[in-house]
Amino acid sequence: MSRKKRMAVDSNRVDTEWPGRWNHIRKFLERTGPFAHPDFEPNPDMLNFLLETCKVLVIGAGGLGCEVLKDLALSGFRQIDVIDMDTIDVSNLNRQFLFRPKDVGKSKAEVTAKFVNSRVPGCNVTPHFKKIQDFDSSFYRQFHLIICGLDSIVARRWLNGMLLSLVNYDEDGELDQSSIIPMIDGGTEGFKGSARVILPGLTACVECTLELYPPQVVFPMCTIAHTPRLPEHCIEYVKVLLWRQEHPFGENVAIDGDDPVHIQWIHEKAMDRAKQFNIQGVTYRLTQGVVKHIIPAVASTNAVIAAACVTEVFKIATSCSLPLNNYMVFNDTDGLYTYTFEAEKKDDCIACSQVPQTVPFNEDATLQDLVNYLQENASMQMKAPGITAMIDGKSKTLYMQAVESIEKRTKVNLPKKLKELGLVEGQEVIIADPTTPSSIILNLHFNQTTNMEV
């Protein structure tokens, strides 16, 4: 029987194996070697764990995610779930190779799952056309490993917080390592990329190394509102100011960067503003890029970083080799360069240290100063912090930015001094933010001589 016919027959069988299919995998799992983990014991049953039991969650089905899914399926992983909230755009087709022109407008998660399942016999990819925030802890707890191909720092931080919330500690505060779900995170930007291994609670988490991520480009409000010079300024004006003034799709409707109707409205309004100031270059594609903070991608970089991430998944799942410790950077702008280093766990990390962080302010500090610190400090970088505190025995919302109706009611507190609002020395304030699924507790310390530097 020809190989083509054999594949067609196998695709209709529940157990789609043929002689020699996993020989390359067996070489790693059924014999030891100089790079094997000290605890590794060659075992033919390890392949069955990989094929039938090990559950892997892939987050993101874009340029990096497509490569990751392909590599996982060809490496023997079969029980795979993929989450992605995006739909396929024409611009994706040049580098996200699992998509075809007929797929434009469809769910990325659903198309990738269907493609891989049909192309790799025996693979079982389950798609989820949702946001990561739509799932609770019980969903994430079912996976052995999680691999990320995200283009959002906010999403990375949220997932980091979720996995940390699943970690258990005993009565003595000792970490239960059996509760750890490893996260392998990949990221690319043009010809640069990185891969890292995070063992929540044990190694440096995303928050521990937040300073390593490039700061988000923020245009001065005065420039946006009064003296725009770039097409991006016009788009930001519509996104930041005009949207909230005109409420084009309802008073409490937030901008959805994946909704073409929203993007088109912003594009048209940005074009009108650009004409007022004789600015050229406002296009639909640029509008979507500014709204979604899209970073340019290169297919070859995605392939390299995806391969590095899946290799780490394979090593952790099988113990056949020591995993990356714990951060690898890649650059092929001029030649080929890689570098590996160990990112260290921060003792005062707001996410994984289990210790409330003390924040010093001078006695005249206002609530606006606290908000600025939460948003601009390199170790915080929050997006829309909401601040509550126990004052006179009652929980009081001091400021809530994420909900417009509450923001209107609480923004009057911003210019008030912290002490004027009833906050005292050693006060615990509870911070909620889209970057984390759980609240963060900060202790306020008032210092008469020290101004808090952002």
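**Close-up views: salt bridges, rings and a cavity**

The count of salt bridges comes to 17, taking a side-chain nitrogen of Lys or Arg within 4 Å of a carboxyl oxygen of Asp or Glu. Keep in mind that this is a predicted model: local features need pLDDT of at least 70, side-chain atom pairs count only at pLDDT 80 or more, and totals for chains, interfaces and linings use all residues. Side-chain values use heavy atoms, with hydrogens and water left out, and residues are numbered from 1 along each chain as its sequence is written.

**View A. A salt bridge joins Asp364 and Lys417.** The N to O distance here is 3.4 Å. Asp364 sits in the loop between β11 (357-361) and α13 (367-376) and Lys417 in the loop between α14 (404-410) and β14 (428-432), so the pair ties together parts 53 residues apart in sequence. Helices (H or I, at least four residues) and strands (E, at least two) are DSSP runs, numbered from the N terminus. Asp364 counts as exposed at 52% relative accessibility, while Lys417 is partly exposed at 37%; buried means under 20% relative accessible area, exposed over 50%, and partly exposed in between (1.4 Å probe, protein chains only).

**View B. Glu312 and Lys315 form a salt bridge within helix α12.** Their closest N and O atoms are 2.9 Å apart. The two residues are three apart, about one turn of the helix, and both are buried.

**View C. Phe77 packs edge-to-face with Phe314.** The ring centres are 6.5 Å apart, with 85° between the planes. Phe77 lies in the loop between α4 (63-74) and β2 (79-83) and Phe314 in helix α12 (residues 299-318), so this pair ties together parts 237 residues apart in sequence. Phe77 and Phe314 are both buried. For the cut-offs, rings of Phe, Tyr and Trp (its six-membered ring) pair if their centres lie within 6.5 Å; planes under 30 degrees apart count as stacked, over 60 as edge-to-face and the rest as tilted.

**View D. Phe135, Phe139, Tyr140, Phe143 and Trp158 are linked into a cluster by ring pairs.** With centres 4.1 Å apart and planes at 25°, Phe135 and Phe139 are stacked. Both Phe135 and Phe139 are buried.

**View E. The charged end of Arg273 sits over the ring of Tyr237.** It is 3.5 Å from the ring centre. The rule asks for NZ of Lys or CZ of Arg within 6 Å of the ring centre and within 35 degrees of the ring normal.
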